[in-house]
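Me: Please take a close look at one part of this model, the packing between its helices. I would like the cut-offs stated along with the values.

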Amino acid sequence: MGTAIVWLVNAVLGLMTWAIIISAIMSWLFAFDVINHRNRFVNQLAMFLDAVTAPILAPFRRVIPPLGGLDITPIVALLAIHFLRILFNEMSAPFLMQTLG
């Protein structure tokens, strides 16, 4: 049971990482007019990614001031997610060794 929980938490953190990366890349593509919102699929994908990543990025956006046209909150959020992943795995390792061994 413990192994499944560790896997689930790592999978969710991995999906959050990919959602932030794809959302940031799509925002750059919109900014440079490579893709536009008129495409229905692209618009729906952008809205979905915004809905998923907004709760993760909002606390960082309240703390980090905007640096001109550069938004560094996705980078800070990715660092925080990876920190949480490492911390969670380190804290769960002794528990898993007890149950498996």
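Reply: What follows goes through the model's confidence, its nonpolar cores, some single residues and the largest pocket.

This is a predicted model, in which local features need pLDDT of at least 70 and side-chain atom pairs count only at pLDDT 80 or more, while totals for chains, interfaces and linings use all residues. Residues are numbered from 1 along each chain as its sequence is written, and side-chain values use heavy atoms, with hydrogens and water left out.

The predictor's confidence in each residue is given as pLDDT, from 0 to 100. For the protein chain the mean pLDDT is 92, and 99% of the residues reach 70 or more. Confidence is highest in α2, at a mean of 95, and lowest in α3, at 91. Helices here are DSSP runs (H or I, at least four residues; strands are E, at least two), numbered from the N terminus.

The packing is best started from the largest nonpolar core, which consists of seven residues: Leu13, Ile20, Ile56, Leu57, Ala77, Leu78 and Ile81. At least two of these residues come from each of α1, α2 and α3, and α3 gives the most, with three. A nonpolar core is a set of buried Ala, Val, Leu, Ile, Met, Phe, Trp, Tyr and Cys residues joined through side-chain atoms within 4.5 Å. Buried means under 20% relative accessible area, exposed over 50%, and partly exposed in between (1.4 Å probe, protein chains only). In soluble globular proteins, nonpolar side chains tend to be buried together.

Within this core, Ile20 is in contact (heavy atoms within 4.5 Å) with Thr53, Ile56, Leu57, Pro74, Ala77, Leu78 and Ile81, leaving aside its neighbours within four places in sequence. Another core, of six residues, lies apart from the largest one and includes Met26, Phe30, Val42 and Ala46.

Leu49 belongs to helix α2 and counts as buried because its relative accessibility is 8%. Residues up to four places away in sequence aside, Leu49 touches Ala19, Ile22, Ser23 and Met26. The C-alpha atoms of Leu49 and Ala19 are 6.3 Å apart, with a separation of 30 residues along the chain. For Ile22 and Leu49, 27 residues apart along the chain, the C-alpha separation is 7.9 Å. Ile22, in helix α1, has a relative accessible area of 37% and is therefore partly exposed.

Asn10 is also in α1, and its 18% relative accessibility makes it buried. Beyond residues up to four places away in sequence, Asn10 touches Arg85 and Asn89. By contrast, Asp33 sits in the loop between α1 and α2 and is exposed, at 60% relative accessible area. The phi of Asp33 is near 60°, a positive value in a residue other than glycine.

The largest pocket holds about 510 Å³ of space. α1 (2-31), α2 (40-63) and α3 (73-100) are the elements that give two or more residues to its lining. There are 23 lining residues, and Ser23, Ala24, Ile25, Ser27 and Pro74 lie nearest the centre. α1 provides the largest share, nine residues. By class the lining has 16 nonpolar, four polar and three charged residues; Ala, Val, Leu, Ile, Met, Phe, Trp, Tyr, Cys and Pro count as nonpolar, Asp, Glu, Lys and Arg as charged, and the others, Gly among them, as polar.

On a 1 Å grid over the protein atoms alone, a pocket is an open set of points where a 1.4 Å probe fits, with protein on both sides within 12 Å along at least five of seven lines, and lining residues have an atom within 4 Å of a point. Grid points are joined across faces, edges and corners, and the volume is the space filled by probe spheres set on the points.
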